[in-house]
Amino acid sequence: MPEPVLEVRDLKKHFPVKKGLLRRTVGHVYAVDGVSFSIGEGETLGLVGESGCGKSTVARTVLRLIEPTAGSIRLAGHDITHLGNAEMRPHRREMQIIFQDPFASLDPRMSAGDIVAEPLMVHGMVNGKERAERVAALFQQVGLQPAQMRGYPHEFSGGQRQRICIARALALNPKLIVGDEPVSALDVSIQAQVINLMVSLQREKRLSYLFIAHDLAVVEHISHRIAVMYLGRIVETADKETLFRRPLHPYTEALLSAVPIPDPKIKRKKRVLQGDVPSPVNPPPGCAFHTRCPYVMARCKQEAPMLKEISPGNLVACHLHG
């Protein structure tokens, strides 16, 4: 069995809540509370859930943009959980991120060519003419013209800006790319182009993706496996065919029932969840979903279910299944 490109075990990130003049810690936001998953070479893991469930915090913690509270992160077999800035530097090349808003993540004072060349300069990989040739090749890979290297971010459309962000992410030949809702700020027609570009680049370069989104139709198109997150924890993991055909967790059922079907003759029974997502500062005891679950039992209110393997590769945290 080959080593996973990314292996995360029991990852936690708790943000302190401070109050008063002395800024005393009076509680914690349990943004990520015990998340485990792995991603193989050339594989895409889709991470889905409602806004505020901790998806983006997982992304930033995995990349060590914010420090984990507990757990372990292994990148290509190397434990990077507690490495300092200097020790992390060579590993930074192996993992990159594509942010949600392409305009906010590009420096308006830099040309598109300089933006894509910046990672190469920072890591001292290529110089002068060779760097310019490398950037021109990256522009062509993502469907842009080398002549556009002189343009500034405000001169490009939203889809073109995201292509620049993808070119920047590819500059260092990483093994892992984290997409933090990379198409949600784009028009639907442009979303398809960017997703298809990411899929073709993955096939060509054997890239691994952690793809974060709340649009299940987009996740179904790009992902090999899907992990469903609720209030800081993963409640179900399965390959995409199994998840869409036979969801096991009530929360997954509710998410899938909201996905529109492009056939007016087919009627899907909608499962409308009652109530709001509980606060991550004060999560409910037992199963975090029990306050909104249509199948809630007495056991759910007291005992938190463990993530159990129901069939090969299909894990679920629910008392209805063991």
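This briefing covers a helix pair, three buried polar or charged side chains and two non-glycine residues with positive phi. The model is predicted: local features need pLDDT of at least 70, side-chain atom pairs count only at pLDDT 80 or more, and totals for chains, interfaces and linings use all residues. Residues are numbered from 1 along each chain as its sequence is written, and side-chain values use heavy atoms, with hydrogens and water left out.

**Helices α3 and α4**

- Helix α3 (residues 112-122) packs against helix α4 (residues 128-141) at an angle of about 120°, and their axes are 10 Å apart; helices are DSSP runs of H or I with at least four residues, strands are runs of E with at least two, and both are numbered from the N terminus.
- α3 is therefore oblique to α4, a class for angles that are not under 35 degrees (roughly parallel), over 145 (roughly antiparallel) or 65 to 115 (roughly perpendicular).
- The axes are lines fitted to C-alpha atoms over the stretch in contact, with angles from 0 to 180 degrees between N-to-C directions.
- The crossing of α3 over α4 is right-handed, that is, the near helix is turned clockwise from the far one by less than a right angle.
- On the α3 side the contact (heavy atoms within 4.5 Å) is made by Ala 112, Gly 113, Val 116, Ala 117, Leu 120 and Met 121, and on the α4 side by Arg 131, Arg 134, Val 135, Leu 138 and Phe 139.
- Eight nonpolar, one polar and two charged residues make up this contact; Ala, Val, Leu, Ile, Met, Phe, Trp, Tyr, Cys and Pro count as nonpolar, Asp, Glu, Lys and Arg as charged, and the others, Gly among them, as polar.
- Buried residues of α3 (under 20% relative accessible area, 1.4 Å probe, protein chains only) are Ala 112, Gly 113, Ile 115, Val 116, Ala 117, Pro 119 and Leu 120, and they pack against α4 and α5 (158-170).
- Gly 124, just after α3, has a positive phi of about 55°.

**Asp 33**

- Asp 33 lies in strand β2 (residues 24-39) and is buried, at a relative accessible area of 17%.
- Its side chain forms a polar contact of 3.2 Å with that of Arg 233; such a contact is a pair of N or O atoms within 3.5 Å, one able to donate a hydrogen and the other to accept it within protein, and residues adjacent in sequence count only if both atoms are side-chain atoms.
- Beyond its neighbours within four places in sequence, Asp 33 contacts Leu 11, Lys 12, His 14, Gly 232 and Arg 233.

**Ser 208 and Gln 202**

- Ser 208, in strand β8 (residues 208-213), is buried at 0% relative accessibility.
- The Ser 208 side chain reaches the backbone nitrogen of Gly 42 at 3.3 Å.
- Gln 202, in helix α6 (residues 188-205), is buried at 6%, and its side chain makes a polar contact of 2.7 Å with that of Thr 44.
- Ser 208 and Gln 202 touch each other, and among the other residues that Gln 202 touches are Gly 42, Glu 43 and His 224.

**Positive phi outside glycine**

- Asn 173 has phi near 55° and sits in the loop between α5 and β7 (176-180).
- At 47% relative accessibility Asn 173 is partly exposed, the class between buried and exposed (over 50%).
- Leu 231 has phi near 50°, lies in the loop between β9 (225-230) and β10 (233-239), and is buried at 8%.
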